[in-house]
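Biologist: I would like to go through how the helix packing in this model is described. Please give the reasoning behind each term.

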Amino acid sequence: MHREEILDNVAITGRGVISSIGHDLQTFNAGLLAGKVVAGPAPWKTGHENIWMSLIENFDALDWMEDRVMRNSARFAHYAIAAAAQAVKDSGIETFDPIRTAVIVGSALGGVDWHAENQALLDDEGPEAISSKFMANSLLNMPAAHIALRFGLHGPQLSIATACASSHDAMGLAARMIESGEIDVAIAGGTDCPVSPLVFFGARNNKMFTPQPDPYKTCRPFNVERFGVMLGEGAGMFVLERAERARKRGAVIHGRLRGYATLADGYHPSSPEPEGRWEQRVMEMAVADAHLPGGIDDVDAVVAHGTGTPVGDIAELSALNRIFGKRTEPLRVMSPKGNFGHPHGPAGALGLLAGMLGMSEGAVLPTAGTHDKRELMPEVGRLHAVIKEPAPGAIDVLQVNAFGFGGQNASLVVSRE
């Protein structure tokens, strides 16, 4: 079968989310539409004022899983299990083919909070204080393992670690496996809980953020006064399935995953290639993979990785302008990180959710933190960086970027059903 004959073959039928702006899709979407920004102090003594994080509050794992599962898993697994349960419910699938269903979950940092807690116990109380579940709870594959356990699945169970591109690569791999005929359904996405003093102080020492008295200005993608990252957390999970299968069972198809590409900068462990050459290339490859009739001209909007960091925003905006900057009508671009910070592994998944909300609303949602176009970076160029209020207009084809440390670049192209 030729690629052209199967390019519409991956349907998105289920979505689930745990984030600082909402513990389910309805509240997450309401938070985005309201321009909600969650920013607060770190949950430990830092010795530094005016450095903020976007933390998930009032999350009770027991709302989503049995007590024994909660006790035998770390928080990044809790988020993934909860988001996956939502996605499966949303999909309407009641019975899976256990062999032809995959679980693929991306995570950048895994159980780093669990590591920090147990290291503190070792330092303060000695070896006997370490949890007997330390190794099992820390393993990067545990979110996928617990999801497979929950739904009785025996197909491919995979874990992806490509920094902030992890969830994109998990979904892209799932789509490839569906297209190849290896599986029919996948539960795929990403999760992370980097709420740890190890991550916080490491990021501070790497100058990834600058103290800012106003927490709501902490993460402002595309703003001339951007202060760097705001650490976040959460999970975004999807049910992907063969489109004809979804149609046959009468499922609601939220969109189709049309194109995917991933590649490496090969430049620096933590900084992007300054001109965004490989970010440009991965976007072009994803569009080519989608086989859109009009090619790059068919892309209606982009959800940028949009880090809010000096080097990150310049590289991505440079790449976007080279691809889309000659359009008569400026391309609409947004980043949701101003709302919920940098969640690492699920960054791409949460960006996709934000973009799909825009598809359903018929408008690109604004990037939080900037309210005056005079505050936008000159590198925005001829792009329409959406701020202050939604930018109306149909979104039939959406591109979503996810770029991570180590030069991990991934991009997805999603269309309406």
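The exchange below deals with two helix pairs in a predicted model.

Biologist: Why are α11 and α12 called oblique to each other?

Modeller: Helix α11 (residues 277–290) and helix α12 (residues 310–324) pack at an angle of about 50°, and their axes are 8 Å apart. Angles under 35 degrees count as roughly parallel and 65 to 115 as roughly perpendicular. The angle of about 50° fits neither range, so the pair is oblique. The crossing of α11 and α12 is right-handed.

Biologist: Which residues make that contact?

Modeller: From α11 they are Arg277, Glu279, Gln280, Met283 and Glu284; α12 supplies Ala315, Glu316, Ala319, Leu320, Arg322 and Ile323. By class, the contact of α11 with α12 has five nonpolar, one polar and five charged residues.

Biologist: What makes α4 and α7 oblique to each other?

Modeller: Helix α4 (residues 75–91) and helix α7 (residues 142–151) cross at roughly 40°, with axes that come within 9 Å. Roughly parallel would need an angle under 35 degrees, and roughly perpendicular starts at 65. Roughly 40° lies between these limits, and α4 and α7 are therefore oblique. The crossing of α4 past α7 is right-handed.

Biologist: Which residues of α4 and α7 meet?

Modeller: Phe76, Ala77, Ala80, Ile81, Ala84, Ala85 and Val88 of α4 meet Pro143, His146, Ile147, Arg150 and Phe151 of α7.

Biologist: How many residues of the contact of α4 with α7 are nonpolar, polar and charged?

Modeller: The contact of α4 with α7 has 10 nonpolar residues, one polar and one charged.

Note on methods. Residues numbered from 1 in each chain as written. Predicted model: local features only at pLDDT ≥ 70, side-chain atom pairs only at ≥ 80, totals over all residues. Heavy atoms only, no water. Axes fitted to C-alpha atoms, helices over the stretch in contact; angles between N-to-C directions. Helix = DSSP H or I, 4+ residues; strand = E, 2+ residues; numbered from the N terminus. Parallel < 35°, antiparallel > 145°, perpendicular 65-115°, else oblique. Left-handed = near helix turned anticlockwise from the far one by under 90°. Contact = heavy atoms within 4.5 Å. Nonpolar A, V, L, I, M, F, W, Y, C, P; charged D, E, K, R; others polar.
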